[in-house]
Amino acid sequence: MPYSLQIGSIPCHIVSDGRQLVDGGGFFGLVPRVLWERVIRPDEKNRIPVQMRSLLIQSSAGLILVDAGQGDKLTAKERRIWGMDDRNQRLAADLRRVGFGPEDVDIVLMTHLHADHAGGCTRWVDPTDADSAAVPSFPNARYLIQRIEMADASFPNERTRGTYFSQNWEPLRRSGRLDLVDGDQRLAVGVRTVTAPGHTESIQAVWVEDGGASLLFLGDTCSWAAHLNRLAWVPSFDLYPMRSIESKRHLRQQAQEKNALLVFQHDGQVVTGRLVQGARGVEVRPEITEEAWPLVGGQ
Ligand SMILES: [Zn+2]
């Protein structure tokens, strides 16, 4: 279900490509399960619900979509492994719920190119044909990708090759829709990106700011609220854990100064929240939460 918000005069919508079930150890890294299961209770296979949220911004530069989810190119077996249902076009359905279609998107901003963010950039021309070609899912959009992320994705290593797949970006390059960018970008009035290394070398977060209000879409710089409450909690997926901690410290400080609305991309429960002074120090007070998987109470 999408959530629509207004940041000053800028309408924003939190949309979703659905949910995966992922081993809890992936997101909680070195943290013992007895600690993280107080935040999110895993199922009998140790899996936790992981949302694939995107941010849609009605900006002065047109309609901006931040990340594109997993998309529909997985096989039935891969969907089973990831605990996904068999619905297609999940993100497109959410876009329609807030009044838009894939053809209306002007800019697709990729925080990074991991498969659960970039898979939805492209789709099979014919989903029933395994030899079908992949084409851009958002036919009229420019796709913005950091040059360093593109290089890392193009030459994956033993650790990253399980999540970087060229079918997610080659069709963009072939159709001339891919724009490589370097460093922080100003995309529109009140919309800018910041690179915040850790999860990958050049991963980006997105700020929306207008009329004294601000929103921070954290992406995988901090994908769960619990990881902002405890800076030492870093996912196993992060390539550079110490840099993740420093990036989180920096973003948290800025978000606190601006009283920003935080949007968590993967958190199974907390969709948005704001920083407050709590018993343990600065912590996230949830505002919108997912009803399907209630809070355990250990945020
Ligand atoms: Zn990622």
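Select leucine 275 in this predicted model: leucine 275 stands opposite valine 284 in β16. Extend the selection to β15 (270-278) and β16 (281-289). These strands, β15 and β16, run antiparallel to one another and are joined by eight bridges. Two residues lie between them, and together they form a hairpin.

**The sheet that contains the hairpin**

Next, display the strands from β10 to β16. They make up an open sheet of seven strands, ordered β10-β11-β12-β13-β14-β15-β16, with mixed pairing. Why is one side of β10 and of β16 left without a neighbour in the sheet? β10 (186-188) and β16 stand at the edges and each has a single partner strand, so one side of each has no neighbour there. Ignoring direction, neighbouring strands in this sheet are turned by 25° against each other on average.

Within the sheet, select β13 (residues 213-217) and β14 (residues 261-263). This pair is parallel and is held over three bridges. Phenylalanine 217 is found opposite valine 263 in β14.

Keep valine 263 selected and show its surroundings. Apart from neighbours within four places in sequence, valine 263 is in contact with Ile14, Leu55, Leu215, Leu216, Phe217, Leu218 and Thr272. The largest nonpolar core has 72 residues, of which Val108, Leu216 and Val263 touch the most other members.

**Helix α9**

Now select residues 241-258, which form helix α9. The 18 residues of α9 should span 26 Å at 1.5 Å a residue, and the C-alpha atoms at its ends are 26 Å apart, in agreement with that expectation.

Which residues of α9 are buried? They are Ser244, Ser247, Lys248, Leu251, Arg252 and Ala255. Turn the view to look down the axis of α9: the buried residues fall within an arc of 135°, so they line one face of the helix. On the face turned away from the buried side, colour the exposed residues Met242, Arg249, Gln253 and Glu257.

To see what covers the buried residues of α9, add β12 (204-210), β13, α8 (226-229), β14, β15 and β16, which are included in that cover. Both strands of the opening hairpin, β15 and β16, thus appear again here. After α9 comes asparagine 259, which has a positive phi near 50°.

**The other seven-stranded sheet**

Move to the strands in the order β1-β2-β3-β4-β5-β8-β9, which form an open sheet of seven strands with mixed pairing. At its edges are β1 (3-7) and β9, each of which pairs on one side only. On average, neighbouring strands of this sheet are turned by 25° against each other, direction ignored.

Select valine 108 and trace its partners on either strand. Strand β4 (residues 62-66) pairs with β5 in the parallel sense over three bridges, and leucine 65 stands opposite valine 108 in β5. Strand β5 (residues 107-109) also pairs with β8 (residues 142-146), again in the parallel sense over three bridges. In β8, tyrosine 143 is the bridge partner of valine 108.

Continue from tyrosine 143 to leucine 178 in β9, which stands opposite it. Four bridges connect β8 with β9 (residues 178-181), and these strands run parallel.

**Helix α4**

Select residues 90-97, helix α4. Its buried residues are Arg90, Leu91, Ala92, Asp94 and Leu95. Among the elements covering them are β2 (10-23) and β3 (47-59). Glycine 99 follows α4 and has a positive phi, near 100°.

**Arginine 19**

The last stop is arginine 19, located in strand β2. Is arginine 19 buried or exposed? Arginine 19 counts as buried because it has 22 C-beta neighbours inside 10 Å. Show Pro49, Val50 and Gln51: arginine 19 touches these residues, not counting those up to four places away in sequence. Arginine 19 and proline 49 are 30 residues apart in sequence, while their C-alpha atoms are 6.5 Å apart in space.

Notes. Residues numbered from 1 in each chain as written. Predicted model: local features only at pLDDT ≥ 70, side-chain atom pairs only at ≥ 80, totals over all residues. Buried ≥ 20, exposed ≤ 12 C-beta atoms within 10 Å, placed from the backbone. Contact = placed C-beta atoms within 7 Å. Pairing = 2+ DSSP bridges. Axes fitted to C-alpha atoms, helices over the stretch in contact; angles between N-to-C directions. Core = buried A, V, L, I, M, F, W, Y, C linked by C-beta atoms within 7 Å. Expected span 1.5 Å × (residues − 1). Arc of directions from axis to C-beta.
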